[in-house]
Amino acid sequence: MAVRASGVTVQRDPAGPDRSGRHRRARTLALCLLTLLSLLPLGLLAAAAWFGRHVRPSADEWCFLPVVRDHGIAGLVGKFYVTDNGRIGNGLLVGLYAQFPVAGHQWFGLVSGVLTLGVLWALAALLVRGSGRAVPPGVPLLVAAMVTAVFLLATPNTYKTFYWPAASVSHTLAPVLACAAVLPALCARGRRGRIAALAVVLVAGVFLGTLSEETSVVALVVLAGLLLLGHRLFAERVRVPVRRWTLAAMAGVAIGTVLLVTSPGSRRRRERFGAEAASMTSPDTLTAAARGYLTILETVFTTWQYAGAVAAGVLLGVLVRRRPEAPPVLRPGGPALGTSLGALTFLVSGYLCTVVTYPVFGPRVVSAARTWNDYLLLYVLVLVAAGVLLGRALRTRAPRPWTGWAAAAAVAVYAGTAVGLAGPLHQLGQDMRVRAERWDRQDAWLRARAAEGAGVLPYTPLSVGGMLEPFRREGRDAWPAQCVATYYRLERVTYSTRLP
């Protein structure tokens, strides 16, 4: 059939519309698959947030709550700075949830989970756009959802990682906030935007330095690597802004760390645990920390659920496409070098974090899994980057059928990871529910007896997820029994094995 226009005869390709239709259908099918895949870790995270309604105070929080109740957030910040540990930023975040006693603990998981997912989603989207590439809609969310799920739920103790607010603020939220400080730099456009990004990262660095010593160590190692190898990673047009941002970030973290280390609370904490600088860098401490770190790495490397992060990266690498109009940000070979640098900084910063925590925990550092989270987020991000490299290599160098098989395998691993994390989470949720019911029963009884004028009452320890409670070891270890008594306005509490 011929169509005439202005004296020109054009033959219509009968296969053209069919090919276009097939392409649209394939694209729609792919988007539906990506959406369904994203729903798996998102559903897991929603269930985790729902179980948060069973969280109740325990351990250190017994001591935080009365201070915030009687003296406000400022009182807790002052106590941290002068007496406890010097962590001003930590005291502020703890005070924000502790001013809503039980409700603050119940909502903490939802708020922190949404914040983590939002930061990682924005980070994935901005990194893809900033690198001059494009992906189908939904891919950044797919990656961020899996990273969030494995970071929060694949650790040996999910309760202390995700549900225990006091630990999460110090070791789980801290690296997430460090990632959030990168977002203004990725969004910056023009001179004003770059100046604003410098101001934000400087302030964020100071706050981070007063929030978590371990995350500060990780940040400084990563920033030092960028400073030393930035000329080999980045294109010439972005090297100067990246160098200025890196120096501002390092200055902020250094200022915050100095504020923390020189505080009266930090000095008292070091004296209490015998963790002076000399003992921290002694050959015995360094050797023992190295042995402990190797045990930690063995646990981390044999946790198969982290493969979900690699699978998410493979899918991203297979689906990403370069935008021809976008100038390159990384030099040729920059992604591979950046991934290698990330792996090296993870290993180095993880060991340094173990050295920092060893004087406090001693050999127990291998079981204090909550302290690993300061560098585990970096580990998960490195796994994603490695997956992206693998996916790109398969798409550009391997025969076409191999790319399809690799994508199918990545989908299977992605889905299997989400399913594998669901079982332990469900069991933990049931344990939390049982503890919450017993805790509420005892809480109501203690409040009623205290209102009647009682001064000394029995208390039955209720633990979940390995959390500390008063009267551990059959009543021989009383901490934090006095804090419990203060919380209920009693003179003291005594050990009991029977719930009221």
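**Exercise 1. Helix α14: does the span fit a straight helix, and which residues are buried?**

Task: Compare the span of helix α14 with the expected value, then list its buried residues.

Solution. Helix α14 covers residues 283–301, which is 19 residues. At 1.5 Å a residue it should span 27 Å. The expected span is 1.5 Å times one less than the number of residues. The end C-alpha atoms are 27 Å apart, so the two values agree. Helices here are DSSP runs (H or I, at least four residues), strands are E runs of at least two, and both are numbered from the N terminus. Next, burial: buried means under 20% relative accessible area, exposed over 50%, and partly exposed in between (1.4 Å probe, protein chains only). In α14 the buried residues are Thr285, Ala288, Ala289, Gly292, Tyr293, Ile296, Leu297 and Val300.

A note on the source. This is a predicted model, with residues numbered from 1 along each chain as its sequence is written; local features need pLDDT of at least 70, and side-chain atom pairs count only at pLDDT 80 or more. Totals for chains, interfaces and linings use all residues, and side-chain values use heavy atoms, with hydrogens and water left out.

**Exercise 2. Helices α11 and α7**

Task: Apply the span check to helix α11 and helix α7, and locate the kink in α7.

Solution. Start with α11, residues 236–261. Its 26 residues should span 38 Å, and the end C-alpha atoms are 38 Å apart, which agrees. Buried residues in α11 include Trp245, Met250, Val253 and Leu260.

Now α7, residues 165–180. A straight helix of 16 residues would span 22 Å, but α7 spans only 19 Å. Look for a bend, the angle between axes fitted to the seven residues ending at a residue and the seven starting there. A kink of about 45 degrees lies at Leu173, shortly before Pro175. Finally, 13 of the 16 residues of α7 are buried, so the helix is largely enclosed by the rest of the structure.

**Exercise 3. Cysteines**

Task: Find the disulfide, then place Cys187 and Cys353.

Solution. A disulfide is a pair of cysteine sulfur atoms within 2.5 Å. The structure holds 1 disulfide. Cys63 and Cys483 form it, with their sulfur atoms 2.0 Å apart. The link is right-handed, with 90 degrees about the S-S bond. It joins distant parts of the chain: Cys63 sits in helix α2 (residues 61–84) and Cys483 in helix α20 (residues 481–487), 420 residues apart. Cys63 is buried at 16% relative accessible area.

Cys187 is in no disulfide; the nearest cysteine sulfur, in Cys179, is 14 Å away. Cys187 is partly exposed at 41%. For Cys353, the closest cysteine sulfur is also in Cys179, 14 Å away and too far for a bond. Cys353 is buried, with 1% relative accessibility.

**Exercise 4. Core and contacts**

Task: Name the residues with the most contacts inside the largest nonpolar core, then trace the contacts of Tyr163 and Thr210.

Solution. A nonpolar core is a set of buried Ala, Val, Leu, Ile, Met, Phe, Trp, Tyr and Cys residues joined through side-chain atoms within 4.5 Å. The largest has 109 residues, and Tyr159, Tyr163, Tyr306 and Tyr414 have the most contacts inside it. Helix α5 (residues 139–153) gives the largest share, 13 residues.

Contact means heavy atoms within 4.5 Å. Leaving out residues up to four places away in sequence, Tyr163 touches Ala48, Phe51, Gly52, Val55, Thr158, Leu425, Leu428 and Met432.

Thr210 lies in the loop between α9 (190–209) and α10 (213–233). Thr210 is buried at 5%. Beyond its neighbours within four places, its contacts include Arg87, Asn90, Gly256 and Leu260.

**Exercise 5. Backbone exceptions**

Task: Find a cis peptide bond and two positive phi values outside glycine.

Solution. Most residues other than glycine have a negative phi, and most peptide bonds are trans. The bond from Trp479 to Pro480 is cis, with omega near -5 degrees. Pro480 lies in the loop between α19 (472–475) and α20.

Ala59 has a positive phi of about 50 degrees. Ala59 is in the loop between α1 (16–51) and α2, and is buried at 1%. Arg489 has a positive phi of about 60 degrees. Arg489 lies in the loop between α20 and β6, and is exposed at 58%.
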